[in-house]
Amino acid sequence: MQKLTVFLIFTVVSSSLAYLDSDGWLNIELHHALSSDPSKFSFRGNITVSSLTNGLANDDQNTLTAEEKQSIIKLAENNDFYRVRATVSYSDGSKNTFLTSTKACTLVSSQLTDVFWVSVDSNGFVTAITETVVGQLPGKICGSGEFQPSDLVEFTSDVLIRQMELGPIPDTASFIQKVEREKEARDKGEVKDNRSFFAKYWMYIVPVVVLVMISGATNPEAGGAK
Amino acid sequence: MSKSVVLCLASILFLNSTLGLYEDQIKKFDWKLTQIGKVNNAFLDLNPYQQNRLIVSTEENVIASLDPLSGNVQWRQILENQPRGQLKLIQMLVDDSAPKTAVRHQSSKSPYDILTVQGHSPAIVRGWNAFTGNLEFEWSLVPLQTETAEDSFWFHGNDMNLYHVIPNFGSHLEVTEYIANNGNSKGTTSKISASWIQKDKCLISGSYYICLEGSHLLALDLTATSPQILKKVVPSSPKTSLKAVRGVSGAVSLDGFIYSFDEKEKLCGDKVSGQSLLKAFQGDESLLVEADLKNNVLEISVKSVESCETWQNVKSTVQYPSHNGVPEVLAFSCRTNRQNTKVCSFVLTTEDEALLYVQGDKIRWAREEALANVVSGEFIDLPLSDSDGSIEDELKSKPGNENDSDLFGAFSRRVVSQIHLVRSIFLHVLGLGPAPTATQKAGLIRDAFGLHKMLVVLTQTGKVYGLDNINGKIHWSNYLRSVENFNNGEEMKLIVQRTSKHFPKQPICTIITKSAETKKGVLFSFNPITGAQIGETNNLNYEIQQIAFLPEDTTEFLKAIVLFDHNNQVHVIPENYKKQADGLYLFTANKKSAILNGFHLKFNEKSGQLQPQPIWTVNLSGHGSTQEITSIAAKNPIEHVHSQGRVLNDRSVLYKYINPNLVAVVTQGLDNIHKFVMNVHLVDVVSGSVVFSLTHRKVRGPIKIVHSENWLAYSYFNDKVRRSEITAIELYEGKVQANSSVWSSLDAPPMPLVERQSYILPFSVEFLKETITERGITNKHVLIATSAGNIMEMPWFYLDPRRPIIQPNQPREEGVLPYIPELPFIQENMINYNQTIARIQSIFTAPSGLESTCLVLATGLDLFVTRVSPSKTFDLLKEDFDYYLIAMVLVALTSASLFVKQLSARKILKQAWK
């Protein structure tokens with residue numbers, strides 16, 4: 001009972017800054033801890049990232065058995081963590097194991113919709129895999145209400161690649177350019193201001209005139225009173 | 001151009017708060033302790049002809065001259081750091097023609113007074129003038145083989161020449177003789193075959209090379225024309241290590257026995273009765289000094305070598321402070337007083353790194369040299385005075401307490417407190433009764449602005465001091481014996497478990513450290529105001545891996561300590577706080593493997609145990625596991641962020657990304673293509689998510705990092721262009737805020753927008769620290785300690801990553817300077833003005849009671865305490881504020897207006913009669 005779902009292609013938001021030496025692929029094997037024994041993990045599925053640069057990934061996950069559904073609901077009721085162990089295999093055959101967890105109740109209330117953030121360094125090696133739950137269904141807020149096995153159908157997972165970015169260097173080039181541009185402008189001479197005297201300085205003249213007018217208007221009255 | 005320059009200047013003028021001091025403010029808000037480090041060699045020169053002096057060399061590679069009367073530094077030369085500057089030899093010149101004093105007589109024609117030899121590749125030989133501390137000559141020696149030269153040593157022969165010895169362990173010794181003041185070698189290198197020499201089992205004593213070989217001591221006189229191996233039998237399993245006897249050539253002590261190989265040297269028996277022994281000349285007489293510590297009484301006796309009898313009845317019995325530990329006599333000197341008896345002075349160094357000067361039966365002065373190696377500093381509020389305390393009591397009404405809520409109760413408390421106040425006037429102001437506590441007698445009472453604090457300083461040796469932050473007086477000290485820093489160079493911790501805000505409960509500070517012997521954890525609690533120990537020293541039976549704290553509880557106001565041991569077990573101290581640790585998140589980081597592990601603590605009701613559940617793993621080791629963690633920077637837990645956002649030029653708000661769980665992790669490693677690679681990761685340590693990462697290529701350490709609010713700044717050395725640079729990062733949530741009241745790392749918080757920029761620094765950085773104030777309203781400045789010994793207060797708007805490269809006709813944002821790649825070196829922002837702080841290691845900051853003011857402690861070889869006001873002292877009147885003038889003006893105006901009113905009333909009356 002395996003089902004293949006191909007998920008959306010996601011390009012990293014700041015892809016212009018992201019930096020990767022060379023493209024590569026990854027295979028991530030997921031195991032989740034459902035039983036009371038904290039060191040016991042059972043197989044959940046596989047994620048294959050075929051290209052790190054453009055974030056192409058597809059996953060292949062088991063449908064949950066009734067027993068597994070019950071275990072997840074039990075975790076949610078105890079407000080426990082739903083923990084996932086991810087084993088990453090690289091193209092050169094090396095392997096790395098990561099652990100990530102999310103609150104079981106948020107996972108249940110989102111009907112098993114989760115996102116895997118895969119952080120990779122500049123050589124394409126994974127630094128962390130983080131499982132998060134994005135949206136919770138309305139009315140299924142964590143800690144309130146009961147959970148039904150019917151809420152849980154199958155895992156719907158997105159895979160997002162988070163790449164490392166290249167550190168900034170002091171931007172001397174554009175600063176020098178700017179200085180040179182300004183120097184050029186000065187050499188050519190400032191742009192001739194062809195406006196008339198009044199057009200240039202009206203903002204100073206108007207208040208003075210207004211002031212004079214006001215004082216002129218008040219003075220005669222004072223003179224008249226004398 | 002001119003327009004933009006004017007703009008630039010104007011913005012700098014308006015933005016830049018002038019921070020410089022006025023001349024009359026020098027040393028008003030700051031003080032400095034000049035330290036030299038633990039003394040390991042001393043030469044005392046008391047003679048009637050010249051100024052007295054005490055010449056010392058220290059473990060910090062410092063040579064200095066102290067005034068024997070006061071212990072003040074006359075001059076100090078700070079030599080190169082380890083390992084390049086490792087002080088291998090310091091020799092005072094002993095001139096045969098002049099009286100045998102430590103320092104050259106004025107008539108001496110010798111070209112130097114003090115000779116030092118440092119390092120091995122190259123070895124630097126220097127001659128110094130003892131009176132001025134000036135360098136007289138210098139030469140260096142580059143060894144042929146650097147590997148063997150590392151173990152090389154030097155000694156000064158009786159013929160005034162310098163001998164350089166390179167041991168080739170397991171085979172032979174190479175000895176070369178040099179003329180001390182010019183470095184010319186005398187003759188060729190002689191090879192002495194000695195297959196029995198081993199590393200760590202041999203030492204040099206005068207001109208003798210002595211090794212412990214099984215149950216034998218083997219020695220060679222290196223100055224002899226044909227050296228013979230001398231042998232002595234010792235007990236086969238010695239308890240102590242081999243130690244050379246000071247002032248003697250060819251003598252070592254082992255297990256309390258002395259073994260002398262030079263027949264000319266008399267030592268009066270082969271058993272040491274005291275703990276410390278020294279042989280020295282006094283005039284023409286050769287004397288032995290023995291010091292013995294019994295029940296806090298130090299007995300120093302002087303014997304003549306000729307007769308082995310007590311010399312001239314010289315004996316000192318000193319009341320010795322127990323916290324100083326075991327002393328060692330370094331130097332002594334005597335002079336004849338008017339009654340024609342001898343008065344002797346002894347210089348001792350102690351286990352806790354103090355330098356004592358004993359004269360007669362008294363300690364004349366002591367220098368606390370442990371302060372040259374500070375690992376942690378905390379500013380603690382002083383207790384309230386009695387009257388303030390009762391007012392505090394009166395105002396403090398606990399909501400749960402019924403007696404407090406009713407009107408009558410409040411009234412009666414008020415009457416009682418006023419009676420107390422009246423009583424205290426009679427007792428203290430009129431001087432009828434004694435001050436109630438010792439701390440109040442010492443003037444340790446909180447001031448109105450909270451600027452006067454107790455500065456608790458923890459040092460590397462395990463000594464804690466309580467210093468007054470206003471004048472630097474040492475109020476108390478405690479010494480924790482045989483403790484050391486944690487693994488990976490992680491320093492021991494000084495934490496405040498209860499602040500002094502909770503009167504009448506006493507404040508508690510705790511030191512968490514590691515035992516040097518068992519490598520297990522040690523906890524030591526004390527009252528930071530009095531220095532008194534609270535409870536017993538807690539010797540734990542496990543090694544500490546990670547330390548965390550619980551939030552302050554509401555009844556005892558105590559912050560409990562959560563310890564994570566090496567078997568990933570959780571312990572809470574005190575025990576009864578275990579239940580409150582339920583739901584706590586912890587993380588551990590492995591420096592070598594660059595793996596971070598996150599845990600969630602769960603309290604098991606049945607077993608009463610805390611169980612850590614691993615919840616995340618982050619692996620930053622990268623390609624081929626080359627990266628190692630070099631630095632981790634979290635935010636200051638007491639920090640408040642006052643402003644949630646930043647106003648842009650279109651009047652919209654850019655909200656700050658303020659994640660209290662965010663920690664910056666710096667990893668460094670080598671790379672095949674880019675040589676040195678440095679990565680900076682921002683990790684949310686609750687969810688284990690890597691929020692943001694940056695990589696820098698061809699960048700080397702040392703990395704200094706500061707992390708606060710929504711920003712991060714780190715400095716490093718750019719290997720490609722060979723200069724120091726600093727990168728600033730700011731994180732923003734965007735124009736809308738996801739949840740303004742609660743932050744949860746687990747509920748998929750928004751990803752931040754990251755602003756970044758790098759700047760060139762005109763200096764190299766030793767430490768970075770942000771200023772902190774009580775409510776976080778005041779601007780944050782970054783304190784930059786430079787390698788030249790300055791501390792620069794750099795306003796954040798210079799480091800701001802949003803500084804734009806301005807295009808003409810572009811709208812400008814308020815408070816944002818145009819981008820200039822190089823940061824300025826602003827002279828008036830140097831908070832230590834001309835008081836250079838030698839070898840700055842770290843800076844500690846703490847808020848004061850005033851919002852505008854932040855207290856600063858800078859440590860290194862020297863100690864410097866000051867206060868800074870990043871946004872100027874907006875909540876304080878200027879200190880030259882003229883109270884009299886304003887009072888006079890007020891009085892004059894009021895009386896004038898009354899007088900004029902009278903006049904006008906009279907005038908109106910007169911007019912009415914007209």
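How many residues of chain B are in contact with chain A, and how many residues of chain A are in contact with chain B? In this predicted model, 37 residues on the side of chain B meet 41 residues on the side of chain A. The elements of chain B that contribute two or more residues to this contact are β43 (609-619), β48 (675-684), β49 (689-697), β52 (723-734) and β53 (753-760). Of the side of chain B that touches chain A, the largest share, 7 residues, is supplied by β43(B). When the residues on this side of chain B are sorted by character, 16 are nonpolar, 18 are polar and 3 are charged.

Backbone pairing also links the two chains, since strand β10 of chain A, residues 165-166, pairs with β49(B) in the parallel sense over 2 bridges. Within this arrangement, Glu165(A) stands opposite Leu694(B), a residue of β49(B). The strand β49(B) is thus named both among the elements that give two or more residues to the side of chain B touching chain A and as the partner of β10 of chain A.

Chain B itself contains 8 helices and 59 strands, and its C-alpha trace spans about 120 × 75 × 75 Å along the principal axes. Of the 914 residues in chain B, 38% are buried. Among the contacts in chain B that link residues at least 6 apart in sequence, 51% join residues at least 24 apart. Two domains are assigned in this chain, domain 1 covering 266-367 and domain 2 covering 882-914; their centres, taken over C-alpha atoms, are separated by 80 Å.

In chain A, helix α3 comprises 17 residues, 172-188, and reaches 24 Å from its first C-alpha to its last, which is close to the 24 Å expected at 1.5 Å a residue. Because the number of buried residues is 1 among the 17 of α3(A), this helix lies largely in the open. The residue that follows α3(A) is Gly189(A), with a positive phi near 95°.

Several backbone features of chain B are set out next against the general background that most peptide bonds are trans and most residues other than glycine have a negative phi. The peptide bond from Ser121(B) to Pro122(B) is cis, with omega near 0°, and Pro122(B) is placed in the loop between β7 (114-118) and β8 (123-128) of chain B. A cis peptide bond likewise joins Gly701(B) and Pro702(B), where omega is about 0°; Pro702(B), however, is found in strand β50 of chain B, residues 699-708.

Positive phi values in residues other than glycine are found at Glu353(B), where phi is near 70°, and at Ser482(B), where phi is near 40°. Glu353(B) belongs to the loop between β26 (342-350) and β27 (354-359) of chain B, whereas Ser482(B) belongs to the loop between β32 (474-479) and β33 (483-484) of chain B. As to their surroundings, Glu353(B) has 27 other C-beta atoms within 10 Å and is therefore buried, the cut-off being 20 or more. Ser482(B), by contrast, has 13 C-beta neighbours inside 10 Å, so this residue counts as partly exposed.

Conventions: Residues are numbered from 1 along each chain as its sequence is written. Chains are lettered from A and ligands numbered from 1 in the order in which they are written. This is a predicted model: local features need pLDDT of at least 70, side-chain atom pairs count only at pLDDT 80 or more; totals for chains, interfaces and linings use all residues. Two residues are in contact if their C-beta atoms, placed from the backbone, lie within 7 Å. Helices (H or I, at least four residues) and strands (E, at least two) are DSSP runs, numbered from the N terminus. Ala, Val, Leu, Ile, Met, Phe, Trp, Tyr, Cys and Pro count as nonpolar, Asp, Glu, Lys and Arg as charged, and the others, Gly among them, as polar. Two strands pair if DSSP finds at least two bridges between them. A residue is buried if 20 or more other C-beta atoms lie within 10 Å of its own, exposed if 12 or fewer, and partly exposed in between; C-beta atoms are placed from the backbone. The expected span of a helix is 1.5 Å times one less than its number of residues. Domain bounds come from an automatic or database domain assignment.
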